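User: I'm new to this structure and would like a close look at one part. Could you take me through the strands of chain A, sheet by sheet, and then show me how the helices pack elsewhere?

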Amino acid sequence: MTSVCAIAIQNLTKDYGDTKAVDNLSLSISEAEVFGLLGPNGAGKSTTINCLTGLLKPTAGTIQVGGFDVGTEGSKVREILGVSPQETAIYSHLTGRENVRLFGALYSVPKEKLDASVDKMMEKVGLMDEADRRVGKCSGGMKRRVSIAMALVQNPRIVLLDEPTVGMDPQSRRAIWDFVMELRDEGKTIVLTTHYMEEAEELCDRVGIIDHGRLIELGSPAELKAKYGTKNLEDVFIQLTGRRIREGA
Amino acid sequence: MKLGRALALAKKDWKKMLREPAFLFIIILFPLVLTVAFGTSFGAVGGSQSPAYNIAVVNLGVAGNFTPSHQFAQALEATGALKVQYVSENQTAQSALSQGQIQGVLLLPASFDASVQSFKTYPSEPGRWVNSTVSLYLDKGSLLSAQVIPSVVEQTLGRAILGAKTVAPAVPVSVSSPSLVKVQATSVFATFAPGLFAFASIYMIMMVAQSYTTERENGLLSRIVVTPATSADVIMGSVISYLVIGLVQAILVFLCVYGLGYRPVAGLAGLLVGFGIVTIFALCNIGFGLITAAISKSAGAATGISFLFLMPQLFLGTFVGTALSSTAQAVGRFVPAYYVTDALTSLFTRGAVATSQTVLTDLAVVSASSVVILLIGIQVFKRFGRP
């Protein structure tokens, strides 16, 4: 069976002055695939994600999302993309439900469907009981879950989750994992970045490891473990990127 | 642009105003507290009363304490409706009138004393009277003063000087309405009250700048940018929310000053136009707020930088400006808030009709400058302030 390409990145380069944040990156992600973008701090993961969303303009190269060119058909790309950014970008003076509802309105979810979509999302991220609590008073994990619900309220075809479980307790993390699996079963394409290798192993069909802006390895967790003769993905990651501690980007 | 998106963003701002104490304080409570403080210090509550209309009397004849012209001026003051300033030169008086410092100029000709004297000596022989003309110059934008001052002058001239019940033909005075109009006494607070509306509104600059910089710092603007919402949706959301906030501010300040004894002389149309001007002025403050947000790297910096736009408007365009020198007041003509205060003063205090030239000019200046500043703000923010 031929897989349909959901995201196609061709020779993506992003320079900041003399620094190459992303260096000639080419990558193809299939529909209904969960793809993990892994790398140490400052490797270029967030820059790649920001180029995918159209937030950053590439120095060179092209990106197609859902068959639309990010550079020239940005509005169409934004219609089919749900983004949960690295920082917990939510309105602290609004409740969880109000935050999700606001983003539903921004994605033009029809009024008659909006309340049901919001409730469904709050249910999915396990926040139904806390839906009417102002998020400024919620824990970091709860804020994270609200943020994910905001990215998914419009039922997007393609989902970008930038470190979705950072700061969460094991229970919340498991809930998000289950949710991601559910999304994959629904046929959504998911790109996630994470520093938790067990998370990538658990969720991702394939992972791409990038360092210094370059894609240095690509494959399924099982393939990579077999290739490098390790028991887990973290060892593969350490082998490829070294033990030196990196500064955050 | 989709109205649904803009409204959703506007609702988010309204909730912020109601739920965040700092926002609520600066936008609503601070202007109200200041209004109450001014009202109790200078208003009817404090009992500091002064006559409603200031007029300058220019005597072109011989000065003297017992001359008919001096007695006439004293009689005008004694009515309690007018406060008389003696000015030696017509040019000085006309200048004060044109700057809005007084509401009228009464020019007594050199033959005035002789006219009164001839009337008193030969009351029933008009052929022996010395004819003279008293010239009256009034504030065009003030409907009430145009009604009150001629009437008071006419009555005073007839009763106190000439001793007649009707106006003597030898002293023709231009009078727009011959009837007596009861004059309401006003206070220092009434002079300040129109400026309080602009004062309340200008703090919007700080709030808009803080909102945008905070949302940029928290990654919220980036997040909105990657949704289908366009820049136009975001800006329209701000415009809708702050127009409503501006209107709410105007209504609250109005209720506050009314509760403190200030009675605007405007009718419903005047009030609506007044509130409309204050509401339109919100666009100007959004524009300045966007410029501030564009050049500020953090919400803290935005607070400080917003004062660059806020202070000139505060000192030159609100109630503070009424106490400034004529030079400072002339400079004030370059800030939009000046025209808001001027329009509200014309409507609420002078009783100008909504369609008077002064009000329409002020409305045009406020509308045009607000739209231009908003457009500049949008462009500057797009270029320098986007995430």
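Analyst: Sure, and keep in mind that this is a predicted model. Let's begin with an open sheet in chain A, built from four strands in the order E2-E1-E4-E5 with antiparallel pairing. At its edges sit strand E2 (19-30) and strand E5 (68-69) of chain A, and each of these pairs on one side only. Follow the sheet to E5(A) and you'll find strand E4 (residues 60-65) of chain A running antiparallel to it, with two bridges joining them. If you want a spot to zoom in on, Val65(A) stands opposite Phe68(A) in E5(A).

Chain A also has an open sheet of six strands, and here the order is E6-E7-E8-E3-E9-E10 with mixed pairing. Strand E6 (81-84) and strand E10 (214-219) of chain A each have a single partner strand, so one side of each has no neighbour in the sheet. On average, neighbouring strands of this sheet are turned by 15° against each other, ignoring direction. For a parallel pair, look at strand E3 (residues 34-38) and strand E8 (residues 189-193) of chain A, which share four bridges. Within that pair, Leu37(A) is found opposite Thr193(A) in E8(A). A helix packs on this sheet too: H5 (residues 140-152) of chain A touches E6 and strand E7 (158-162) of chain A, and the direction of H5 makes about 170° with that of E6(A).

Now over to chain B for the helices. The axes of helix H11 (residues 268-295) and helix H14 (residues 336-349) of chain B come within 10 Å and cross at roughly 175°. That angle is over 145 degrees, so H11(B) and H14(B) are roughly antiparallel to each other. Among the residues making the contact are Ile277(B), Val278(B) and Phe281(B) from H11(B), with Val340(B), Leu344(B) and Phe348(B) from H14(B). The residues of this contact come to 11 nonpolar, two polar and no charged.

Val340(B) turns up again in the largest nonpolar core, which has 152 residues: Val340(B) and Met204(B) touch the most other members. H11(B) gives the most to this core, with 14 residues. Leaving out residues up to four places away in sequence, Val340(B) touches Phe197(B), Ala198(B), Ile277(B), Val278(B), Phe281(B), Gly317(B) and Val366(B). There's also a second, separate core of 30 residues, including Phe72(B), Ala73(B), Ala93(B) and Leu106(B).

How values were computed: Residues numbered from 1 in each chain as written. Chains lettered and ligands numbered in written order. Predicted model: local features only at pLDDT ≥ 70, side-chain atom pairs only at ≥ 80, totals over all residues. Axes fitted to C-alpha atoms, helices over the stretch in contact; angles between N-to-C directions. Parallel < 35°, antiparallel > 145°, perpendicular 65-115°, else oblique. Contact = placed C-beta atoms within 7 Å. Nonpolar A, V, L, I, M, F, W, Y, C, P; charged D, E, K, R; others polar. Pairing = 2+ DSSP bridges. Core = buried A, V, L, I, M, F, W, Y, C linked by C-beta atoms within 7 Å. Buried ≥ 20, exposed ≤ 12 C-beta atoms within 10 Å, placed from the backbone.
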